[in-house]
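Here are my comments on the model you sent round, set out as numbered points. I begin with one strand pairing and work outwards from there.

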Amino acid sequence: MDRSKIRVLFSAEAIAQRQKELVSEIAGTNPERLLVIAVLKGSFVFAADLIRAMDAAGMAPEVEFMSLSSYLEGTVSSGSVRILHDVESPVADRDVLLVDDILESGRTLTYAKDLLSARGARSVRTCVLLEKPGKRAINLQPDYVGFVCPDVFVVGYGMDVAHAWRQLPFVGVIED
Ligand code: 5GP
Ligand code: MG
Ligand code: MG
């Protein structure tokens, strides 16, 4: 598979522009001691750009990571969520922003949100780069959505297929 087979769906420029808008919405809620929790691995590029957009907007978030797995090697959800890596600092009384790449069934993010709420977070909001409508198994309404994504398998901007293409600066779809 070569790179020329990947069609741009959301360009780096479009993502950067949308991020600014999301950050101004997030800033408008006046979070206190905001803790950004990036759900690895898929959201690492999005989260990295998001926190720098936050800095540009005068925000000073702390950053943590959680690694959750609901997918095996393939492209079909296994339906269960496992914690591979947990946050290292306490979340009690923190305003948390959970950042993920794609919201599909909602299982991953609902699991993480419930866990952090149960640990006493002051608030838990969710921010996803992409939302795939019509695929929800759990009724989770994300607080911030970058783009509504068509029902295709996307790669790039942190997202992979079989460990490949995370490095692409855009979100793309593999054409056959
Ligand atoms: P769910 O919302 O079903 O629990 O999980 C969504 C997760 O499935 C995303 O965070 C992502 O890791 C993975 N996923 C869903 N759709 C796609 C896709 O089109 N491309 C890639 N690379 N991952 C996807
Ligand atoms: Mg994910
Ligand atoms: Mg994956």
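Which residue of β9 does valine 155 stand opposite?

1. The partner of valine 155 is glycine 172 in β9. The coordinates are those of a predicted model, and every remark below should be read with that in mind. The pairing belongs to the contact between β8 and β9, two strands that run antiparallel and are joined by 2 bridges.

2. Glycine 172 also has a partner in another strand, since valine 8 stands opposite this glycine of β9. In the pairing of β1 with β9, which is antiparallel and extends over 4 bridges, phenylalanine 10 is set opposite valine 171. The three strands make up an open sheet in the order β1-β9-β8, with antiparallel pairing. Because β1 (6-10) and β8 stand at the edges with a single partner strand each, one side of each has no neighbour in the sheet. As a general reminder, strands of a sheet pair through backbone hydrogen bonds, in either a parallel or an antiparallel sense.

3. Phenylalanine 170 deserves a comment alongside this sheet, as the residue is found in the loop between β8 and β9 (171-174). Its C-alpha atom is separated by 6.0 Å from that of phenylalanine 10, although the two are 160 residues apart along the chain. Leaving aside residues up to four places away in sequence, phenylalanine 170 touches Val8, Phe10, Ser11, Ala12, Gly156 and Tyr157. Is this phenylalanine 170 buried, exposed or partly exposed? Phenylalanine 170 counts as partly exposed because it has 18 C-beta neighbours inside 10 Å, whereas 20 or more would be needed for a buried residue.

4. The same loop between β8 and β9 also holds alanine 162, whose phi is near 45 degrees, a positive value in a residue other than glycine. Alanine 162 is exposed, because 10 other C-beta atoms lie within 10 Å and the class takes in residues with 12 or fewer. Asparagine 30 likewise has a phi near 45 degrees, positive in a residue other than glycine, and lies in the loop between α1 (12-27) and β2. With 8 other C-beta atoms within 10 Å, asparagine 30 is exposed. Most residues other than glycine have a negative phi, and most peptide bonds are trans, so I would list these backbone values explicitly in the write-up.

5. A further entry for that list is the peptide bond from leucine 40 to lysine 41, which is cis, with omega near -5 degrees. Lysine 41 lies in the loop between β2 (34-40) and α2 (44-56).

6. Around ligand 1 there are 20 residues, of which Glu104, Ser105, Arg107, Thr108 and Met159 come nearest. The elements that give two or more residues to this shell are β3 (62-71), β5 (95-103), α3 (107-118) and β8 (154-155), and β5 provides the largest share, with 4 residues. How does the shell around ligand 1 divide by class? The shell has 9 nonpolar, 6 polar and 5 charged residues.

7. Helix α3, one of the elements in that shell, has 12 residues and reaches 16 Å from its first C-alpha to its last, close to the 16 Å expected at 1.5 Å a residue. Buried residues in α3 are Arg107, Thr108, Leu109, Ala112 and Leu116. The helix is followed by glycine 120, whose phi is positive, near 95 degrees.

8. The largest nonpolar core has 41 residues, and those that touch the most other members are Val36, Ile37, Leu50, Val96, Leu97, Leu98 and Val99. At least two residues of this core are supplied by each of α1, β2, α2, β3, β5, α3, β6 (123-131) and β8, while α2 gives the most, with 7 residues. Leucine 50 touches Gln19, Val23 and Val99, not counting residues up to four places away in sequence. In soluble globular proteins, nonpolar side chains tend to be buried together.

9. Helix α2 also contains alanine 48, which counts as partly exposed because it has 14 C-beta neighbours inside 10 Å. Alanine 48 and valine 63 are 15 residues apart in sequence, and their C-alpha atoms are 9.6 Å apart in space.

Technical notes:
Residues numbered from 1 in each chain as written. Chains lettered and ligands numbered in written order. Predicted model: local features only at pLDDT ≥ 70, side-chain atom pairs only at ≥ 80, totals over all residues. Near = placed C-beta within 6 Å. Nonpolar A, V, L, I, M, F, W, Y, C, P; charged D, E, K, R; others polar. Contact = placed C-beta atoms within 7 Å. Pairing = 2+ DSSP bridges. Expected span 1.5 Å × (residues − 1). Core = buried A, V, L, I, M, F, W, Y, C linked by C-beta atoms within 7 Å.
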